[in-house]
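Here is a short report on one structure. Helix geometry comes first, then the pockets, then two single residues.

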Amino acid sequence: SVICCRVSPAQKAELVQIVKDHDQQTLAIGDGGNDVAMIQRAHVGVGIRGKEGLEASRAADYQVGMFRTLQRLMLVHGRWAYYRTALVAQYSFYKSFAFCFMQIGFTWHSGFA
């Protein structure tokens, strides 16, 4: 994880791009207009509605009202999303496996005709 402060918006976006170039997933969290470029460059952007305005929350994939709701977003919903993705990947693998064996079984049944 990378935490940066006192950097320009272009530097924040460039830092996210550097991490993305190393085949890593990125999550950017911002609460103001200076975080918009970083949020848009990341794989997943989270904007926090607050005193600095709504620019970050409008540019983000997800928006939250307060910093304290980030814990539930990342730990609960993130885990559920990971679980669902893993389930779909397993389903896809076993579906392909079953389809392949049906084709092989039919080939044997038809006498390789």
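The model is predicted. Helix α4 bends by about 30 degrees at Gly 78.

**Helix α4**

α4 covers residues 70–109. How does the span of its 40 residues agree with 1.5 Å a residue? At that rise α4 should span 58 Å, and its end C-alpha atoms lie 57 Å apart, so the two values agree. Just after α4 comes Gly 111, with a positive phi of about 75 degrees.

Phe 101 sits in α4. Is Phe 101 buried or exposed? Neither: its relative accessibility is 47%, and partly exposed runs between 20% and 50%, so Phe 101 counts as partly exposed. Take Leu 75 as a reference point. Phe 101 is 26 residues from Leu 75 in sequence, and their C-alpha atoms are 39 Å apart in space.

**The two pockets**

The table sets out the volume and the lining classes of each pocket.

| Pocket | Volume | Nonpolar | Polar | Charged |
|---|---|---|---|---|
| Largest pocket | about 690 Å³ | 12 residues | five residues | four residues |
| Second largest pocket | about 380 Å³ | seven residues | five residues | no residues |

Start with the largest pocket. Its lining holds 21 residues. Which of them lie nearest the centre? They are Val 2, Leu 27, Ala 28, Ile 29 and Met 38. Two elements give two or more residues to this lining: α1 (9–21) and β1 (27–30).

Now the second largest pocket. Its lining includes Gln 25, Thr 26 and Leu 27. His 43, Val 44, Val 46 and Tyr 62 also line it. So do Leu 73, Met 74, His 77, Gly 78 and Ala 81. Here the elements giving two or more residues are β2 (44–48) and α4 (70–109). Which element gives the largest share? α4 does, with five residues. Gly 78 therefore has two roles in this picture: α4 bends there by about 30 degrees, and Gly 78 lines the second largest pocket. Leu 27 also appears twice, among the residues nearest the centre of the largest pocket and in the lining of the second largest.

**A buried lysine**

Lys 12 belongs to helix α1. Its relative accessibility is 10%, and buried means under 20%, so Lys 12 counts as buried. What does Lys 12 contact beyond its neighbours within four places in sequence? Its partners are Cys 4, Val 7, Asn 34, Asp 35 and Met 38. Of these, Met 38 is also one of the residues nearest the centre of the largest pocket.

Technical notes:
Residues are numbered from 1 along each chain as its sequence is written. This is a predicted model: local features need pLDDT of at least 70, side-chain atom pairs count only at pLDDT 80 or more; totals for chains, interfaces and linings use all residues. Side-chain values use heavy atoms; hydrogens and water are left out. On a 1 Å grid over the protein atoms alone, a cavity is a set of points where a 1.4 Å probe fits but cannot get out, and a pocket is an open set with protein on both sides within 12 Å along at least five of seven lines; lining residues have an atom within 4 Å of a point. Grid points are joined across faces, edges and corners, and a volume is the space filled by probe spheres set on the points. Helices (H or I, at least four residues) and strands (E, at least two) are DSSP runs, numbered from the N terminus. Ala, Val, Leu, Ile, Met, Phe, Trp, Tyr, Cys and Pro count as nonpolar, Asp, Glu, Lys and Arg as charged, and the others, Gly among them, as polar. The expected span of a helix is 1.5 Å times one less than its number of residues. The bend at a residue is the angle between axes fitted to the seven residues ending there and the seven starting there. Buried means under 20% relative accessible area, exposed over 50%, partly exposed in between (1.4 Å probe, protein chains only). Contact means heavy atoms within 4.5 Å.
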